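Reader: I should like to learn how the features of a protein model are read from its coordinates. Could we proceed feature by feature, with the general idea first and the case at hand second?

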Amino acid sequence: RMDQALVLVRNELPAQGLRLAALSGSCHQCLYQFLAFVPPSNGSLRKPGVAAVMVDTQHPLTLLLNSSVGDRELCKIQYHFGEFGNYSLVVKTLSASTKTVSCDLVINEGPINSYLPIVFAFLVYMGILALLIVGRLFMKIDPVRNWVYKKLNPRETDHLINSELGSPNTTDSVSSDPTLHLWSTASRQRLRSLDTFRGLSLIIMVFVNYGGGKYWFFKHESWNGLTVADLVFPWFVFIMGTSISLSLSSMLRRGSSKQKLLGKILWRSFLLILLGIIVVNPNYCLGPLSWDNLRIPGVLQRLGFTYLVVAALELLFTRAGAESRTLEMPCPALQDILPYWPQWIFILMLEVIWLCLTFLLPVPGCPRGYLGPGGIGDFGNYPNCTGGAAGYIDRLLLGEKHIYQHPSSSVIYQTTMPYDPEGILGTINTILMAFLGLQAGKIILLYKDQHKQIMSRFVIWSIVMGIISAILTKCSKEEGFIPINKNLWSISYVTTMSCFAFILLLLIYYLVDIKRLWSGAPFFYPGMNSILVYIGHEVFENYFPFKWKMQDSQSHAEHLTQNLTATTLWVIISYLLYRRRIFWKI
């Protein structure tokens, strides 16, 4: 099967059978898992005992061979097996006098390179990008542009060329239509970098939700650590916070009352939570929703509640004159922080609550402050403690049947307890992530059109967040005070993701809004229709043309083709909606 290899264990020891166990390199402090018993060889017939086992190829493995007599360790082999590879592990005695045992790993049939489809897909998309760039350059040449327009619409083009208006161009088409002129002006005033950032996060999210070609690094990390899939949700939350700052500031400047805006915030939050529970939850092939197993937490639910808290916080505690820098500041270097001190106190209080609940709340049968995955992790001492306090609170308040039943820890750590990565306790740190995005929006407003100041503040915030992450994690995956963990939405996870987010926003802002070297395409288009694309990709996930029956379901290439096709289709759909100016806003 995909991500597996075949290992034939040949036991040439005449008097003792073998017990084969394995340990994944990605499983921290785990117990060895029994794979097979290998019978002893038949000395009279000189026939070795043989056992065939399938092993995982996604991560390095440690194979442990113990004698069935006295459970004595004979050998231990660390190896990263290749997909569809065929291997033999030969166990024999080197010397009859010393009874020294050797374990030799032999490659019978070489593995395939499962990463070639990624390389091929990358080259295809780079080729398409190159063709688009060349085509755009050619369209800047007047004879070429006129010829293309003439082929597309001969009568109108001939009329334009023969008239005194000259050859058609963008300026003429915009100025001739007042609606288009207004649209163009609005587009220029809107920061394209924010929609580009949002679209980039969304498209990666769609790709990994569709399966990411079934590659392990496009799936969520089993527990501590990061993969590509773990990057996108916090980035989406971050840019939501940035948008909250800009949109509320704009509406307040236009004279909207705070009471009216609070009503809009409440309504939008309610719709997001409702959409998350009703639209994304049901399996349409199995009939209507059932309260017996309805999952209450979810991505849209968390976005809705986070939006409610952060937007209300910004609306209630915003100060007139702070953005225009008319307030006197005792420390000018902190002028993007000090005017908003009530907000910071509120956020710090939330973090104190998270820390107290995480590390001080008694959880039955678990050590206090436990942050592990349970299952076979921590040498199997706490099998039912998945997520510690976070998992306990969800199971206590929501019930085991109303949270996610298949967490990412269930494969590597073999956990059996349900655990929801969008649970109650982690929402506190999601609010922190959105608040840091809100901070980025305040920097943009405070230093409007002062690009160097904006970029330098982004760099400073990124460095500060990076230093906090380094302290919390001790620059290690497993040994830190608070490891990076997406399932828990740990503080170190938020500070690390915000460190990356500030740098990524800086780069996109520089390329798109300052230097205009990049229009933001194609990510700009889904970023303008993010709710529609997210809900659409969830609802139509199992329908053609987003999914079809594969000829070989054990092929990374076919899965990657299907997932990239589905993701590209949503980019095309969002582009067509953008061209028709259709935007679904909540």
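Reader: Which helices each supply at least two residues of the lining of the second largest cavity?

Author: A cavity is a set of points on a 1 Å grid over the protein atoms alone where a 1.4 Å probe fits but cannot get out, and lining residues have an atom within 4 Å of a point. Helices here are DSSP runs of H or I with at least four residues, strands are runs of E with at least two, and both are numbered from the N terminus. The helices in question are α9 (299-317) and α17 (530-539). The model is predicted, so local features need pLDDT of at least 70 and side-chain atom pairs pLDDT 80 or more, while totals for chains, interfaces and linings use all residues. Residues are numbered from 1 along each chain as its sequence is written, and side-chain values use heavy atoms, without hydrogens and water.

Reader: Which residues line the second largest cavity, and how do they divide by class?

Author: The lining consists of M205, F236, V299, L300, L303, S530, I531 and Y534. Ala, Val, Leu, Ile, Met, Phe, Trp, Tyr, Cys and Pro count as nonpolar, Asp, Glu, Lys and Arg as charged, and the others, Gly among them, as polar. Seven lining residues are nonpolar, one is polar and none is charged. The cavity has a volume of about 40 Å³, a volume being the space filled by probe spheres set on grid points joined across faces, edges and corners.

Reader: What is the volume of the largest cavity, and what classes of residue form its lining?

Author: Its volume is about 50 Å³. The lining has six nonpolar, three polar and three charged residues; among them are R302, D394 and D420. The structure holds three cavities of 30 Å³ or more.

Reader: Where do the buried residues of α8 fall when one looks down the helix axis?

Author: An α-helix has 3.6 residues a turn, so residues three or four places apart point the same way. Buried means under 20% relative accessible area, exposed over 50%, and partly exposed in between, with a 1.4 Å probe and protein chains only. In α8 the buried residues are L261, I265, S269, L272, L275 and G276. They fall within an arc of 130°, taken from the directions from the helix axis to the C-beta atoms, so they line one face of α8. The face turned away from that buried side carries the exposed residues Q259, K260 and W267. What covers the buried residues of α8 includes α7 (229-253), α9 and α17.

Reader: How many residues of α15 are buried, and what span does this helix reach?

Author: The expected span of a helix is 1.5 Å times one less than its number of residues. Helix α15 (residues 491-514) reaches 32 Å from its first C-alpha to its last, close to the 34 Å expected. Of its 24 residues, 18 are buried. R516, with a positive phi near 55°, follows α15.

Reader: Which peptide bond is cis with omega near 0°, and where does its proline lie?

Author: The bond from A521 to P522 is cis, and P522 is placed in the loop between α15 and α16 (524-528). Another cis bond joins F544 and P545, with omega about 10°; P545 lies in the loop between α17 and α18 (556-579).

Reader: What is the phi of Q29, and in which loop does this residue lie?

Author: Although Q29 is not a glycine, its phi is positive, about 50°. Q29 lies in the loop between β2 (18-24) and β3 (33-38), and it counts as partly exposed at 34% relative accessibility.

Technical notes. 1 Å grid on protein atoms, 1.4 Å probe; cavity = no way out; pocket = protein on both sides within 12 Å on 5 of 7 lines; lining within 4 Å. Contact = heavy atoms within 4.5 Å.
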